[in-house]
Amino acid sequence: MTMQLYFDPQSRSQVAKWMLDEAEVDYEIVTTLIKDKAHKRPEYLKINPSGKLPALVDGRTRIFENAAICMYIAEKFPGKRLAPSVGTPERGRYLSLMVYSTAQFEPAMGDSLMKIRSNNSARGWTNFEEAKNAVERELGDGPYLFGAQFTAADVMIGSCLIWHRAFGGKLNRPKLDAYIDRLQARPKGMKFG
Ligand SMILES: N[C@@H](CCC(=O)N[C@@H](CS)C(=O)NCC(=O)O)C(=O)O
C-alpha cells in the first residue's frame with residue numbers, strides 16, 4: 001500500500017516531502033490546505049491530533065511531526081542510508097540531532113527571525129547564535145552532519161536553515177551558508193510553494 005503524505009505546499013510539509021524524495025520511495029500526496037482549514041477537520045485530527053501539517057500514513061501506521069516522519073522513513077528504508085545504522089557509535093549523535101533540530105534549533109531560529117527576546121534558556125533552548133555554534137561544531141568539516149553521508153539530520157537542520165534564508169534571515173556564518181548552498185544544490189533538495 002502506498003504511503004500518503006498529508007501536504008500543503010506552503011508549509012513545513014515540504015520537509016517530509018524532501019525526506020521522501022531523498023529516499024526515492026513511492027508515496028501519494030493528499031493535498032490538505034491550511035487556507036481551507038482542512039487540517040482542522042475531524043478526519044485529519046484522527047491522523048494528527050495537533051491539527052498541523054504534515055502527517056504521513058503508512059497502512060495502519062500514522063506519523064506526525066517532521067522529525068518523527070524523517071526517522072520513520074530512514075528506519076523503514078535502511079538501504080537508502082539516510083541514518084547511521086542502529087548499533088553504530090554515530091547513532092546516538094544522530095538521534096540527538098534529530099530531536100535537537102526541533103526542540104532547540106527551530107525555536108531558536110524562530111525567535112531570531114521574529115525578533116523575540118526572552119530568557120530563552122528557561123524555555124529549554126538557547127539563543128540563535130549559540131544554536132548556530134552548535135550546528136557548526138557538529139558539521140565539522142562536512143560536507144554533511146555525518147561527513148560524506150547525507151542523513152535525515154541534514155533534512156531537519158538543513159530545512160530550518162533553508163527557511164531562514166528564504167525568509168530573508170542573514171546568518172553571518174560562511175560555513176553554514178556554504179552548507180545551505182550544498183543542500184539546495186541536491187537534485188531532490190527542498191522546494192518552496
Ligand atoms: N513541529 C511540527 C510543526 C508543524 C507546523 O507548525 N505546521 C504548520 C505549517 S508550517 C501548520 O500546520 N500550521 C497550521 C496551524 O497551526 O493551524 C512539525 O515539524 O511537523
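**Exercise 1.** Which residues surround the ligand?

*Solution.* The model is predicted, so local features need pLDDT of at least 70 and side-chain atom pairs count only at pLDDT 80 or more, while totals for chains, interfaces and linings use all residues. Residues are numbered from 1 along each chain as its sequence is written, and side-chain values use heavy atoms, with hydrogens and water left out. A residue counts as near the ligand if one of its heavy atoms lies within 4 Å of it. The residues around the ligand are Ser-11, Arg-12, Ile-34, His-39, Lys-40, Lys-52, Leu-53, Pro-54, Glu-65 and Asn-66.

**Exercise 2.** Identify the side-chain partners of the ligand's oxygen and nitrogen atoms.

*Solution.* A polar contact is a pair of N or O atoms within 3.5 Å.
- Step 1: the side chain of Lys-40 has an N or O atom 3.3 Å from a ligand oxygen.
- Step 2: for Lys-52, the side-chain distance to a ligand oxygen is 2.6 Å.
- Step 3: the side chain of Glu-65 lies 2.7 Å from a ligand nitrogen, again between an N or O atom and the ligand atom.
- Step 4: the ligand alone exposes 510 Å², of which the protein buries 79% (Shrake-Rupley method, 1.4 Å probe).

**Exercise 3.** What is the volume of the largest pocket?

*Solution.* The volume, the space filled by probe spheres set on the grid points, is about 730 Å³. Among the 28 lining residues, Arg-12, Lys-52, Leu-53, Asn-66 and Glu-106 are closest to the centre of this pocket. Helix H4 gives the largest share of the lining, 7 residues.

Note on methods: A polar contact is a pair of N or O atoms within 3.5 Å; within protein, one must be able to donate a hydrogen and the other to accept it, and residues adjacent in sequence count only if both atoms are side-chain atoms. On a 1 Å grid over the protein atoms alone, a cavity is a set of points where a 1.4 Å probe fits but cannot get out, and a pocket is an open set with protein on both sides within 12 Å along at least five of seven lines; lining residues have an atom within 4 Å of a point. Helices (H or I, at least four residues) and strands (E, at least two) are DSSP runs, numbered from the N terminus.
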